[in-house]
Amino acid sequence: MSSKEVLIDGIPFPAEITRTKPLALVGQGLTSVEIHFLQIKYNAIGIYMDKDVTKYLKNWEGKKRNELEEDDRFFTALFLAPVEKVFRIVVIKEIKGSQYGVQLESAVRNQFAALDHDEDEEEEEALEKVTKFFESIYLKKGSITFDTEGKGESKIQVENTSVVEMIQKWYLGGSIAVSRSTIKNLAAKFEEILSQ
């Protein structure tokens, strides 16, 4: 492991990646499920963001990790901040893509329902596109982009803003996020970042 990498459950994540500009690893964690009293880890998560995100988080400067962790408004400001973000999800435990797709679809629909928001036709199409994409693939251990058997690399781009926000909320949604370890890590990192 180089000094410019962080290990998340033994999986190396670069401390910084470059898209249109450098993005720093600002949060990391795992998703897991409990089956018969066993905790099964299935994804390692790395959250990358443009350092300019701090411009949108001024209200939380000087806050402690536990205050940030408990404040859903902080996480809402984080995922709504108009900066470039990359969510790097690496498979730890192989699962059928349809299992992941159904979880994602269910989370997005639940978030829309909590907002008392009926999906419009465009949102419904975007959500169906995501679910359909995952139906035919198998998420292999160590895959970063989702690999389809014999078909090489597969990617999907979701263009509906509302659906993208709900997917981001699934990972960055504070108390409703899919990964508590990611939320705890983000709070700790942003305590440090926002105190500088």
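Mentor: Rings of Phe, Tyr and Trp (its six-membered ring) pair if their centres lie within 6.5 Å; planes under 30 degrees apart count as stacked, over 60 as edge-to-face and the rest as tilted. This is a predicted model, where local features need pLDDT of at least 70, side-chain atom pairs count only at pLDDT 80 or more, and totals for chains, interfaces and linings use all residues. Residues are numbered from 1 along each chain as its sequence is written, and side-chain values use heavy atoms, with hydrogens and water left out.

Trainee: Which residues form one aromatic cluster?

Mentor: By the ring rule, the count comes to three aromatic pairs. One of them joins Trp-60 and Phe-74, edge-to-face, with 5.7 Å centre to centre and 65 degrees between the planes. The cluster consists of Trp-60, Phe-74, Phe-75 and Phe-190.

Trainee: How many residues apart are Phe-74 and Phe-190?

Mentor: Phe-74 and Phe-190 form an edge-to-face pair, 5.8 Å centre to centre, with 70 degrees between the planes. Phe-74 sits in helix α2 and Phe-190 in helix α6; helices are DSSP runs (H or I, at least four residues), strands are too (E, at least two), and both are numbered from the N terminus. Along the chain, the two are 116 residues apart.

Trainee: Why does Phe-74 count as buried?

Mentor: Buried means under 20% relative accessible area, exposed over 50%, partly exposed in between (1.4 Å probe, protein chains only). Phe-74 counts as buried because its relative accessibility is 0%.

Trainee: Which helix gives the most to the largest nonpolar core?

Mentor: A nonpolar core is a set of buried Ala, Val, Leu, Ile, Met, Phe, Trp, Tyr and Cys residues joined through side-chain atoms within 4.5 Å. The largest one has 43 residues, and Phe-74 and Phe-190 are among those that touch the most other members. Several elements each supply at least two residues, including β5, α2 and α6. With six residues, the top giver is α5.

Trainee: What span should α6 have?

Mentor: The expected span of a helix is 1.5 Å times one less than its number of residues. Helix α6 has 15 residues, and its end C-alpha atoms are 21 Å apart, which agrees with the expected 21 Å.

Trainee: Which residues make the covered face of strand β2?

Mentor: In a regular strand the side chains alternate between the two faces of the sheet. Strand β2 covers residues 11–14, and its uncovered face holds Pro-12 and Pro-14. The covered face holds Ile-11 and Phe-13.
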